[in-house]
Amino acid sequence: MNITILTVGKLKEKYFIQGIGEYAKRLGPYAKVTIIEVPDEKAPENLSAAEVEQVKQAEGERLLKKLPANAFVIALAIKGKQMPSEDFAEKIRELATYGHSDIAFIIGGSNGLSDEVLRHADFQLSFSKFTFPHQLMRLILIEQIYRAFKIMRGEPYHK
């Protein structure tokens with residue numbers, strides 16, 4: 001299985017880089033993981049609603065250009081479907097069973113994802129109604145992908 005994590009912005013924090021690297025390494029026996037970062041749109045802190053949409057649009061265009069062909073696209077969105085880890089594992093198992101060996105997860109920037117990216121997604125997933133920093137979301141996502149593979153294989157890790 002090929003897992004792509006498409007994300008806005010470059011990670012700078014060493015602790016996030018180390019954590020993501022650890023889970024990517026652990027996922028090695030189960031899936032090939034590729035992380036693709038696209039540049040975030042430079043913008044001031046206080047944006048109007050129209051400016052926020054412009055930022056999301058520019059970042060969204062960059063993300064869509066990097067999507068692997070034929071990938072099943074899962075966008076992380078606050079309004080997406082929430083599910084427990086076991087159901088997430090079952091979703092990945094179903095995708096693999098029915099011919100979707102390429103899955104692309106999309107994490108937006110600090111303003112979220114554009115409507116165009118959300119329309120392009122095959123599935124919208126929410127980890128919580130809380131808002132998380134997009135850098136932290138990368139770590140949470142890759143840990144949950146690892147957990148899903150452990151659950152699917154009936155291996156210890158998930159409690």
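This report describes the sheet, the pockets, the aromatic pairs and two single residues of a predicted model.

## The sheet

The model contains an open sheet of five strands, arranged in the order 2-1-4-3-5 with parallel pairing. Strand 2 (32-38) and strand 5 (123-125) are the edge strands, each of them pairing on one side only. From one strand to the next, the twist averages 30 degrees.

Strand 4 (residues 102-107) is joined to strand 1 (residues 2-8) by six bridges, and the two run parallel. Within this pairing, Leu6 has Ile106 of strand 4 as its bridge partner. Strand 4 is also joined to strand 3, again in parallel, by four bridges; here Val73 stands opposite Ala104 of strand 4. Of the six residues of strand 4, five are buried, so this strand is largely enclosed by the rest of the structure.

Strand 3 and the edge strand 5 pair in the parallel sense as well, over four bridges. In strand 5, Leu125 is the residue that stands opposite Lys81.

## The largest pocket

Rolling a probe the size of a water molecule over the atoms shows where empty space is left. In this model, the largest pocket holds about 560 Å³ of space. Its lining comprises 24 residues, and those nearest the centre of the pocket are Leu76, Ala77, Ile78, Gly109 and Gly112.

Strand 3 (72-81) and helix 5 each contribute at least two residues to the lining of the largest pocket. Strand 3 supplies the largest share, with four residues. By class, the lining of the largest pocket consists of 12 nonpolar, 10 polar and two charged residues.

## The second largest pocket

The second largest pocket contains about 400 Å³ of space. It is lined by 19 residues, and Asp40, Glu41, Ala43, Ser110 and His134 are the ones that lie nearest its centre. Two elements, helix 2 (49-66) and helix 5, give two or more residues to the lining of the second largest pocket.

The lining of the second largest pocket divides into five nonpolar, six polar and eight charged residues. Helix 5 thus appears among the contributors to the largest pocket and among those of the second largest pocket.

## Aromatic pairs

A pair of aromatic rings is described by the distance of the centres and the angle of the planes. Across the whole structure, a search finds seven aromatic pairs. One of them is formed by Tyr23 and Tyr146, with 5.8 Å from centre to centre and 55 degrees between the planes, a tilted arrangement. This pair links distant parts of the chain: Tyr23 belongs to helix 1 (residues 14-27) and Tyr146 to helix 5, 123 residues apart. Tyr23 counts as buried because its relative accessibility is 16%, under the 20% limit. Tyr146, with a relative accessibility of 8%, likewise counts as buried.

The rings of Tyr30 and Phe149 also have their centres 5.8 Å apart, but their planes lie at 20 degrees, so this pair is stacked. Tyr30 is in the loop between helix 1 and strand 2 and Phe149 is in helix 5, so that the pair, 119 residues apart, links distant parts of the chain. Tyr30 and Phe149 are both buried. Ring pairs connect Tyr23, Tyr30, Tyr146, Phe149 and Tyr157 into a cluster.

## Leu136 in helix 5

Helix 5 (residues 134-152) includes Leu136. Is Leu136 buried or exposed? The relative accessible area of Leu136 is 26%, so this residue falls between the limits of 20% and 50% and is partly exposed. Leu136 and Gly80 are 56 residues apart along the chain, and their C-alpha atoms are separated by 18 Å.

## Asn70 and its backbone

Most residues other than glycine have a negative phi, and most peptide bonds are trans. Asn70 is a residue other than glycine with a positive phi, near 65 degrees. The loop between helix 2 and strand 3 contains Asn70. With a relative accessibility of 74%, over the limit of 50%, Asn70 counts as exposed.

Technical notes. Residues are numbered from 1 along each chain as its sequence is written. This is a predicted model: local features need pLDDT of at least 70, side-chain atom pairs count only at pLDDT 80 or more; totals for chains, interfaces and linings use all residues. Side-chain values use heavy atoms; hydrogens and water are left out. Buried means under 20% relative accessible area, exposed over 50%, partly exposed in between (1.4 Å probe, protein chains only). On a 1 Å grid over the protein atoms alone, a cavity is a set of points where a 1.4 Å probe fits but cannot get out, and a pocket is an open set with protein on both sides within 12 Å along at least five of seven lines; lining residues have an atom within 4 Å of a point. Grid points are joined across faces, edges and corners, and a volume is the space filled by probe spheres set on the points. Ala, Val, Leu, Ile, Met, Phe, Trp, Tyr, Cys and Pro count as nonpolar, Asp, Glu, Lys and Arg as charged, and the others, Gly among them, as polar. Two strands pair if DSSP finds at least two bridges between them. Axes are lines fitted to C-alpha atoms, for helices over the stretch in contact, and angles run from 0 to 180 degrees between N-to-C directions. Rings of Phe, Tyr and Trp (its six-membered ring) pair if their centres lie within 6.5 Å; planes under 30 degrees apart count as stacked, over 60 as edge-to-face and the rest as tilted.
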